[in-house]
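Dear colleague,

I am passing on to you the structure that we spoke about, and below it you will find my notes on what turned up when I went through it. Please read them with the model open beside you.

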Amino acid sequence: MFKVPDHQVAGHMAGAGALGPLVDDSGHFYKPLQSGERGTHEVAFYTSFSTDTRVPDQIRKFFPAFHGTRDLEASDGSGMHPHLVLEDIVSSRINPSILDIKIGSSTWYPEASEAYISKCLEKDRETCSLTLGFRISGLQFYGSKETGFWKPDRKSVNSFTHDDVRSALRKFVSSNSPTNSDIEPDCSYASIIYGGPDGILAQLLELKSWFEDQTIFHFYSCSVMMVYDKESILKGENPNPQIKLVDFAHVTEGKGVIDHNFLGGLCSLIKFISDVVTDPNK
Ligand SMILES: Nc1ncnc2c1ncn2[C@@H]1O[C@H](COP(=O)(O)OP(=O)(O)OP(=O)(O)O)[C@@H](O)[C@H]1O
Ligand SMILES: O=P(O)(O)O[C@@H]1[C@H](O)[C@H](O)[C@@H](OP(=O)(O)O)[C@H](OP(=O)(O)O)[C@H]1O
C-alpha cells in the first residue's frame, strides 16, 4: 500500500494533485522522475554511481541504496509514472529529527540555460547559499509527546538569516522545546549527536576527505540530510545519528576537477557544527 511519506521536509511533495514521493512498508522511498531532463538525469546518476568502481565502499553508506526504477500510480492522479526506488532513510525511525541542507554557494551548474541560472542565482542570493555556502531547505525537529514536531513552512525556512541557521543547528541537538523561540537551546545532545567517533561531525569529515580527492562528479543542488531519534536518547538507546546525500537531478561530470562548490559548502557547514560542539553554551 503506497502512501505519502510522514517525514518529508523539503522538495516536491505529493498531495492536492501534486506529483511527489510515495513510501510503502517495505522500507523503500519512491521518488517520481521529475519532468524534463531532471528525472532521466537522476536515474543516470544513480545508475552510474552504483556501478562506478572508483567510488570507495565506505563512501557508499552516505548515499541511499538504489533499487532501479518502477512504474507506479502517480500521486497526482495522472496515471502510471516511473519512480526511482530508493532506500527510505527514515522509515526505521519513530519520531526522527531531520535537517535537509542544500550544499554549495551556487545551485546552478555551468551548462544550464541562462533562464535556469538566473532563477537559481536569485534563490541563492535571497537565501544563505551565496554567503554561507549552504542553506537549510527543510527541517523537522521532534520536541516531545506534548509539543510534537517543529516544522516551519518552506517560506520561513527560505528566509532564514545566518543567526537563524546557527540557532537551528543548535536547536537540532537540544533537549528543550524547539517550538518556543523564547527558550535558549541548551545543546545538551551536541556531544552525542554531532560529536564522538560515530557522530555527524565525524561522518561529515569522512565525506569531506572524499570530496578533497574525488573529481568524478560535481554535485549541484544536492542536499545533506541529517537524521537522528531524540526519544532513543531518553530511553538510553543509540539515537543513531546519520548523514545521507539526496537529490542528484543536477549532478554533472567532474572532468578531473575538484567539486569546489560542494567542498566549500561542506567546509562551511562543518565549521558551524564544530562551533556548536566546541562551545555548546555560546
Ligand atoms: N531516500 C529518501 N528517504 C527518505 N526521505 C527522503 C529520501 N530522499 C528524499 N527524501 C525526503 O524528500 C525531500 C526532498 O527530496 P529531494 O531533494 O530528493 O526532492 P526534490 O523534489 O528533487 O527537491 P528539490 O525541489 O529541492 O529539487 C527530502 O528533504 C527528504 O525529506
Ligand atoms: O528551495 P525551494 O523553495 O524548495 O525551491 C525549489 C528548489 O530551488 C529546487 O532546487 C528547484 O528544483 P530544481 O533544482 O530541480 O530546479 C525547485 O524548482 P521547480 O519548482 O522548478 O521544480 C524549486 O521550487
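A good place to begin is the backbone of glutamate 87, where a polar atom lies 2.9 Å from a nitrogen atom of ligand 1. Please keep in mind throughout that this is a predicted model.

Two further contacts of ligand 1 involve side chains: an N or O atom of glutamine 34 is 2.8 Å from an oxygen atom of the ligand, and an N or O atom of lysine 102 is 3.3 Å from an oxygen atom of ligand 1. Taken alone, ligand 1 would expose 630 Å², and the protein buries 90% of that area.

The surroundings of ligand 1 consist of 18 residues, and the closest of them are His12, Lys31, Gln34, Glu87 and Asp100. By class, this shell divides into seven nonpolar, five polar and six charged residues. As for where these residues come from, strand S2 (28-32) and strand S5 (96-103) each contribute at least two, while domain 1 (22-87) and domain 2 (96-278) each provide at least three residues of the shell around ligand 1.

Turning to ligand 2, the residues around it are His12, Arg38, Lys102, Tyr116, Lys119, Lys123, Arg135, Arg154, Asn158, Ser221 and His250. His12 therefore appears in the list for ligand 2 and also among the closest residues of ligand 1, if a heavy atom within 4 Å is taken as the criterion. Lysine 102 deserves a second look as well, since an N or O atom in the side chain of lysine 102 is 2.9 Å from an oxygen atom of ligand 2, in addition to the contact with ligand 1 described above.

Two other side chains make polar contacts with oxygen atoms of ligand 2: a polar atom of tyrosine 116 lies at 2.9 Å, and a polar atom of lysine 123 lies at 2.7 Å. Ligand 2 exposes 500 Å² when taken alone, of which the protein buries 75%.

Which helices supply at least two residues each to the shell around ligand 2? They are helix H3 (114-126) and helix H5 (154-158), and H3 gives the largest share, with three residues. In terms of class, the shell around ligand 2 holds one nonpolar, four polar and six charged residues.

With best wishes

Note on methods:
Residues are numbered from 1 along each chain as its sequence is written. Chains are lettered from A and ligands numbered from 1 in the order in which they are written. This is a predicted model: local features need pLDDT of at least 70, side-chain atom pairs count only at pLDDT 80 or more; totals for chains, interfaces and linings use all residues. Side-chain values use heavy atoms; hydrogens and water are left out. A polar contact is a pair of N or O atoms within 3.5 Å; within protein, one must be able to donate a hydrogen and the other to accept it, and residues adjacent in sequence count only if both atoms are side-chain atoms. Accessible areas come from the Shrake-Rupley method with a 1.4 Å probe; for residues, only the protein chains shown count as cover. Helices (H or I, at least four residues) and strands (E, at least two) are DSSP runs, numbered from the N terminus. Ala, Val, Leu, Ile, Met, Phe, Trp, Tyr, Cys and Pro count as nonpolar, Asp, Glu, Lys and Arg as charged, and the others, Gly among them, as polar. Domain bounds come from an automatic or database domain assignment.
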